[in-house]
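Visitor: I would like a close look at a single part of this model, taken slowly and with its surroundings included.

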2 protein chains.
Amino acid sequence: MNIGEVSQHTGLPPKTIRYYEDIGLVKPLRDANGYRAFRESEMHKLAFLGRARTLGFSIEDCRNLLALWEDKNRASADVRAIAKEHLAQIEAKISGLQDMRDTLSTLVRDCAGDDRPDCPILKTLGTATAS
Amino acid sequence: MNIGEVSQHTGLPPKTIRYYEDIGLVKPLRDANGYRAFRESEMHKLAFLGRARTLGFSIEDCRNLLALWEDKNRASADVRAIAKEHLAQIEAKISGLQDMRDTLSTLVRDCAGDDRPDCPILKTLGTATAS
DNA sequence: CCTTGACCCTCCAGTGGCTGGAAGCCCCAT
DNA sequence: ATGGGGCTTCCAGCCACTGGAGGGTCAAGG
């Protein structure tokens, strides 16, 4: 399978697939002309990676998850630990963003948004400690 | 004022302040010895930038907000437009993260997390379309 | 046989917003 | 004069790609 076909099946851009080879996540064979020749198993790995990335796992997490996926003797606890840690980080990020959103939406609500210069948004940024 | 003092007042690391000078957000004077000499107004700008960054505005947004802040004839509508756009992006990011969180928390909940290899997390990543 | 166009290759540079570290000057106290 | 802190510059690295240049390969149509 050429890279284009793999790209279509996995939804990953060719550039990304090449990058994943670069960093050692997949190791496709090569045809005589130098083209990458992906086996089925490689494509499944890439699909796996695509889904893990969609869930926000870092590349390093993906690398570990992939290794566990391939290890038939893995302990599900190891997988769960990675996912749990990642979940905690996502939750932290969400709550940080929610704080931003709350502050911002208040400011946007209170700003007239007309052609006058008076603006609570700038006033807050200029003086208060925006939390 | 030297960079260290400004750093303490604004909470921005010296490195960040130098970087902000690099990209033209502030233009401190220089002492005879080459040290940056910040005026009050510069420090206020940096404090403004710190707060805007805390609210998640991009550097480019910050640049524009700063210009509006300094423009006494600005229209608050311009400020509001930037903030509103940014708010929308934050909300999009939150909802994306919430989707991740929902999927992940289900998976984590359903995973035994013991020493057996059976694991719904890997199963999902390996086969389904993780949404 | 030649051309066209779609595919593929590698390599380099840039993104955003810093951050770390090296190498070196400046200033003050002991 | 020595030590320690602060300041300077410059270069490299982070993450996960992405864009683009410059070029090889392949199949179809004329």
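Visitor: Which residues have the most contacts inside the largest nonpolar core, and how many residues does that core have?

Guide: In this predicted model, the largest nonpolar core has 30 residues, and those with the most contacts inside it are Ile121(A), Leu46(B), Ala52(B), Leu65(B) and Val79(B). Both chains supply elements to this core: α5 (76-110) and α6 (120-127) of chain A, together with α2, α3 (40-54), α4 and α5 (76-110) of chain B, give two or more residues each. Taking Val79(B) as an example, and leaving aside residues up to four places away in sequence, one finds that Val79(B) touches Cys111(A), Cys119(A), Ile121(A) and Leu122(A) in chain A, as well as Leu65(B), Leu68(B) and Arg74(B) in chain B. A second, separate core has 29 residues, including Phe48(A), Met100(B), Cys111(B) and Leu122(B).

Turning to the contact between the chains, 48 residues come from chain A and 48 residues from chain B. On the side of chain A that touches chain B, the elements giving two or more residues are α3 (40-54), α4 (59-70), α5 and α6 of chain A, with α5(A) giving the most, 21 residues. By class, that side of chain A has 26 nonpolar, 10 polar and 12 charged residues.

Two of the core's elements in chain B, α2 and α4, also each supply at least two residues of the surface near DNA strand C, where α2(B) gives the largest share, three residues. That surface has six nonpolar, six polar and five charged residues.

Note on methods:
Residues are numbered from 1 along each chain as its sequence is written. Chains are lettered from A and ligands numbered from 1 in the order in which they are written. This is a predicted model: local features need pLDDT of at least 70, side-chain atom pairs count only at pLDDT 80 or more; totals for chains, interfaces and linings use all residues. Helices (H or I, at least four residues) and strands (E, at least two) are DSSP runs, numbered from the N terminus. Ala, Val, Leu, Ile, Met, Phe, Trp, Tyr, Cys and Pro count as nonpolar, Asp, Glu, Lys and Arg as charged, and the others, Gly among them, as polar. A nonpolar core is a set of buried Ala, Val, Leu, Ile, Met, Phe, Trp, Tyr and Cys residues joined through C-beta atoms within 7 Å. A residue is buried if 20 or more other C-beta atoms lie within 10 Å of its own, exposed if 12 or fewer, and partly exposed in between; C-beta atoms are placed from the backbone. Two residues are in contact if their C-beta atoms, placed from the backbone, lie within 7 Å.
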